[in-house]
Amino acid sequence: MGRRRAVRGPGAEGGRTRRPAGRSLEAFAEEVGAALRASVEPEAAEDEGVPGPAQLPCALAMWELGHCDPRRCTGRKLARLGLVRCLRLGHRFGGLVLSPVGSQYVSPADRQLVARSGVAVIDCSWARLDETPFGKMRGSHLRILPHLVAANPVNYGRPCRLSCVEAFAATFCILGFSDLAVILLRKFKWGKGFLDLNRQLLDKYAACSGPEEVLQVEQEFLAHTKEPEEEEEIDPFDVDSGREFANPNRPVSGPRLPRDRADSDTEEESEELGPDPEDGGGSSSSPEETEARVPTEIWKGIKKRQRD
């Protein structure tokens, strides 16, 4: 007797029917729009005769290894909602596979592949990559995602530490199917934040034609973001960094401390009083200058009493 063939029910396939392999991208885009309308307006979708949750026009799958907290795992939540089917170790996926061991970036050149065969992710912990059996998760089209920032509560703000739903959403945005990303991210309260954090980069990646251009965009972005960080390491206007940088607002002859307010007042008063005869100022004062000096000396005495 041969091996018993596993029976696949609606839950295994996520409730989706197989799509024709030769459909065009235009037809796929129409199905994406219909899925978005069904997700945003479920009551209107039921009136049109589309029962249940929104049906995605392509297959979504994942290998789930049990590394993550089930309460926080975005992949498991999508599976419970019927949007993603789980694969066993050793099963092959014919579509695009997002894997850390991939060597080629996701790019708009993969649009036809995803429309025909879908996307799969590997649900594993970033801290346990060394013990993850990537060889048992087989696929012919391994891909990696370019630089993006996570918005999930576990790794918020950390680059490249995306959750399963963020990986799916990023792939669809780069391919130009952003409506599919919206459908998935709507299932999470923080989902919109992922698009807000990465809007600029996702638009640039989506404008590329192939993985080489995606790599170039990523390198240019990383080089641009590093430049301000290097400039901010040392503040040229910081008094403590005067050994390396000259402060244009202070003399560089020596490490002089900031002058006290009383000293500055005294210097201002000396400028108003004019040159002192004992310092070799030259000519003697005229009667008019003597009369003009009297109010200044009175004001000087008032300021001294205020300080005391």
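This passage describes the sheet, a helix pair and a few buried residues of a predicted model.

The natural place to start is the sheet. Five strands make up an open sheet, and reading across it gives the order S2-S1-S4-S3-S5, with parallel pairing. Strand S2 (85-87) and strand S5 (138-143) take the edge positions; each has a single partner strand, so one side of each is left without a neighbour in the sheet. From one strand to the next, the twist averages 40°. As general background, strands of a sheet pair through backbone hydrogen bonds, in either a parallel or an antiparallel manner.

One edge can be followed down to single residues. Strand S3 (residues 92-98) and S5 run parallel and are joined by five bridges. Among the residues involved, Phe93 has Gly139 of S5 as its bridge partner.

Helix H5 (residues 164-175) packs on this sheet, where it touches strand S1 (60-64), S3 and strand S4 (119-123). The direction of H5 makes about 150° with that of S4.

H5 also meets a second helix, H7 (residues 191-206), and the two axes come within 9 Å, crossing at roughly 35°. The crossing of H5 past H7 is right-handed. On the H5 side, the contact is made by Glu166, Ala169, Ala170, Cys173 and Ile174; on the H7 side, the residues are Phe194, Leu195, Leu202, Tyr205 and Ala206. By class, this contact comprises nine nonpolar residues, one charged residue and no polar ones.

Tyr205 of H7 turns up again in the surroundings of a histidine, His147. His147 sits in the loop that links S5 and H5. Is this histidine buried or exposed? With a relative accessible area of 13%, His147 falls under the 20% cut-off and therefore counts as buried. Apart from its neighbours within four places in sequence, His147 contacts Pro159, Cys160, Leu201, Tyr205, Glu218, Phe221 and Leu222.

The cysteines deserve a short look of their own. In general terms, a disulfide is a covalent bond that links the sulfur atoms of two cysteines. How many disulfides does the structure hold? The count is zero. Two of the cysteines can be placed by their accessibility: Cys58 is buried because its relative accessibility is 5%, and Cys208, with a relative accessible area of 7%, is buried as well.

Key
Residues are numbered from 1 along each chain as its sequence is written. This is a predicted model: local features need pLDDT of at least 70, side-chain atom pairs count only at pLDDT 80 or more; totals for chains, interfaces and linings use all residues. Side-chain values use heavy atoms; hydrogens and water are left out. Two strands pair if DSSP finds at least two bridges between them. Helices (H or I, at least four residues) and strands (E, at least two) are DSSP runs, numbered from the N terminus. Axes are lines fitted to C-alpha atoms, for helices over the stretch in contact, and angles run from 0 to 180 degrees between N-to-C directions. Contact means heavy atoms within 4.5 Å. A crossing is left-handed if the near helix is turned anticlockwise from the far one by less than a right angle, and right-handed if clockwise. Ala, Val, Leu, Ile, Met, Phe, Trp, Tyr, Cys and Pro count as nonpolar, Asp, Glu, Lys and Arg as charged, and the others, Gly among them, as polar. A disulfide is a pair of cysteine sulfur atoms within 2.5 Å. Buried means under 20% relative accessible area, exposed over 50%, partly exposed in between (1.4 Å probe, protein chains only).
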